[in-house]
Amino acid sequence: MKDKSKTESAVKDKLNVEVGRRIRSVRESLNMTRDCFSERCDISESFLSDVERGNKGITSKTLTKICETTNVSADYILFGNNRSDSDVSVLLELFSKLDNRCIFHATNILKEYLQLVLELNSKNSNK
């Protein structure tokens, strides 16, 4: 019976570590400090730190608040799925902080970059 309990605990701990890693990744991709992020998610900074290190798990209420704050799906936070949705959200968040002139330039830079990436991918797939 004790072995089963240890196994369940190890699985839970691994899940906490993975969830915490994804939350930290999302927070950092939004260029948010723990202080700012925890305030927006209505949790303490020390609790967020524990979550990001995998020392504590989150409740469904906290998960919901994190998802609403970051526009990232719960599926991504919990299981690592649908990262592309969160990537788009991160870009939208970053663009929302820019004035119109900067948006124009950032959009042009991004278009040029994507064109180069597509060309490189096309060349590499033809080899």
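In the predicted model, helix α4 spans residues 60-70, and its buried positions are Thr62, Leu63, Ile66, Cys67, Thr69 and Thr70. These residues lie on the same side of α4, because the arc that they cover around the axis is only 165 degrees. An α-helix has 3.6 residues a turn, so residues three or four places apart point the same way. The other side of α4 carries Ser60, Lys61 and Glu68, which are exposed. Helix α4 is followed by asparagine 71, a residue with a positive phi, near 60 degrees.

Threonine 70, which belongs to helix α4, illustrates the buried side of this element. Its relative accessibility is 4%, and threonine 70 therefore counts as buried. When neighbours within four places in sequence are left aside, the residues in contact with threonine 70 are Val26, Leu30, Phe37 and Ser89. For one of these partners, leucine 30, the separation from threonine 70 is 40 residues in sequence, whereas the C-alpha to C-alpha distance is 8.1 Å.

Phe37, a contact partner of threonine 70, also takes part in the packing of two other helices. Helix α2 comprises residues 34-41 and helix α3 comprises residues 45-52; the two pack at an angle of about 105 degrees, and their axes are 9 Å apart. An angle of 65 to 115 degrees counts as roughly perpendicular, and α2 and α3 are therefore roughly perpendicular to each other. On the side of α2, the contact is formed by Arg34, Asp35, Phe37 and Ser38, while α3 contributes Glu45, Leu48, Ser49 and Glu52. Classified by residue type, the contact of α2 with α3 contains four charged residues, together with two polar and two nonpolar ones.

Aspartate 50 is likewise located in helix α3. With a relative accessible area of 18%, aspartate 50 is buried, because the cut-off for this class is under 20%. Beyond its neighbours within four places in sequence, aspartate 50 is in contact with Asn55 and Lys56.

A search for disulfides across the whole structure returned zero. A disulfide is a covalent bond between the sulfur atoms of two cysteines. For cysteine 36, the closest cysteine sulfur is that of cysteine 41, at 9.1 Å, which is too far for a bond; the cut-off applied to such a pair is within 2.5 Å. Seen from cysteine 41, the closest cysteine sulfur is in turn that of cysteine 36. The two residues fall into separate accessibility classes: cysteine 36 is partly exposed at 27% relative accessibility, whereas cysteine 41 is buried at 2%.

At the level of the whole chain, seven helices and zero strands are present, and the order of elements along the sequence is α-α-α-α-α-α-α. The chain has 127 residues, of which 24% count as buried. Among contacts in the chain with a separation of 6 or more, 52% are between residues 24 or more positions apart. The pair of threonine 70 and leucine 30, 40 residues apart in sequence and in contact, is one example of a contact across such a separation.

How values were computed:
Residues numbered from 1 in each chain as written. Predicted model: local features only at pLDDT ≥ 70, side-chain atom pairs only at ≥ 80, totals over all residues. Heavy atoms only, no water. Buried < 20%, exposed > 50% of the residue type's maximum accessible area, 1.4 Å probe, protein only. Helix = DSSP H or I, 4+ residues; strand = E, 2+ residues; numbered from the N terminus. Arc of directions from axis to C-beta. Axes fitted to C-alpha atoms, helices over the stretch in contact; angles between N-to-C directions. Parallel < 35°, antiparallel > 145°, perpendicular 65-115°, else oblique. Contact = heavy atoms within 4.5 Å. Nonpolar A, V, L, I, M, F, W, Y, C, P; charged D, E, K, R; others polar.
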